[in-house]
Amino acid sequence: VAGLRVTLVGHASFLIQVAGLNLLVDPVWSERASPVPWAGPRRINPPGIAWSALPAIDAVLVTHNHYDHLDLATLARLRARQPLRILAPLGNDAIIDAALGQGATEALDWGDSRALSPQVTAHLRPAAHWSARGLNDRRMALWGAFTLATPWGVIHHIGDTGYGDGATFRAIRAEFGPPRLA
């Protein structure tokens with residue numbers, strides 16, 4: 001895709017196609033958002049893109065470690081298809097690397113950026129949220145929103161965030177200008 005196309009997969013999972021890249025944000029293809037496959041919240045609708053129709057993926061962006069955003073089974077399936085570049089906030093790399101192998105993840109702190117191509121850069125920015133995958137790891141990994149600077153405008157994916165006082169949204173506009181898509 002030469003321009004910009006965004007497809008909803010479900011909940012906060014999106015396929016963003018921009019500047020020739022295929023980017024997945026918070027990909028979840030599992031039937032349940034849970035630490036176990038037989039319990040927990042069940043998917044109501046099928047993914048907006050069938051697995052068989054999914055194009056080759058250039059990068060995966062993970063916003064935080066809740067099970068409805070960080071689906072290790074989906075990441076493992078993606079990695080089995082092809083080499084996979086995964087960007088995630090600090091601390092989430094330990095979770096992903098434990099499942100997929102050391103060095104599977106590029107960890108970003110709030111304020112960090114990574115070039116995805118000469119034309120597209122991913123910026124991790126704070127979000128009004130929190131992290132936890134169990135009872136004793138609340139806020140032990142960062143959470144965030146990804147802002148993509150692209151030739152077709154700024155795309156801001158909030159992951160899961162509350163509005164709060166709106167400061168995080170005003171900061172994105174001040175730093176990047178008004179997003180084309182949020």
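Here are three short exercises on the salt bridges and the cavity of this predicted model.

**Exercise 1.** Work out which residues are linked in a network of salt bridges.

*Solution.* Start with Arg 85: it forms a salt bridge with Glu 106, and the closest N and O atoms sit 2.6 Å apart. That pair ties together distant parts of the chain, with Arg 85 in the loop between helix H1 (72-81) and strand E5 (86-89), and Glu 106 in strand E6, 21 residues apart. Next, look at Glu 106 again: it also forms a salt bridge with Arg 114, at 3.6 Å between the closest N and O atoms. Put the two together and you have the network of Arg 85, Glu 106 and Arg 114.

**Exercise 2.** Take the salt bridge between Glu 175 and Arg 125 and decide whether each partner is buried or exposed, or in between.

*Solution.* First, the contact: the side chains of Glu 175 and Arg 125 meet at 2.6 Å, N to O. Glu 175 belongs to helix H3 and Arg 125 to strand E8, 50 residues apart. Now the accessibility. Arg 125 has a relative accessible area of 9%, and buried means under 20%, so Arg 125 is buried. Glu 175, at 45%, is partly exposed.

**Exercise 3.** Describe the lining of the largest cavity by residue class.

*Solution.* Begin with the search: the whole structure gives one cavity of 30 Å³ or more, and the largest cavity holds about 30 Å³ of space. Then list some of its lining, including Pro 126, His 156, Ile 158 and Phe 169. Sorted by class, the lining has five nonpolar residues, three polar ones and no charged ones.

Conventions: Residues are numbered from 1 along each chain as its sequence is written. This is a predicted model: local features need pLDDT of at least 70, side-chain atom pairs count only at pLDDT 80 or more; totals for chains, interfaces and linings use all residues. Side-chain values use heavy atoms; hydrogens and water are left out. On a 1 Å grid over the protein atoms alone, a cavity is a set of points where a 1.4 Å probe fits but cannot get out, and a pocket is an open set with protein on both sides within 12 Å along at least five of seven lines; lining residues have an atom within 4 Å of a point. Grid points are joined across faces, edges and corners, and a volume is the space filled by probe spheres set on the points. Ala, Val, Leu, Ile, Met, Phe, Trp, Tyr, Cys and Pro count as nonpolar, Asp, Glu, Lys and Arg as charged, and the others, Gly among them, as polar. A salt bridge is a side-chain nitrogen of Lys or Arg within 4 Å of a carboxyl oxygen of Asp or Glu. Helices (H or I, at least four residues) and strands (E, at least two) are DSSP runs, numbered from the N terminus. Buried means under 20% relative accessible area, exposed over 50%, partly exposed in between (1.4 Å probe, protein chains only).
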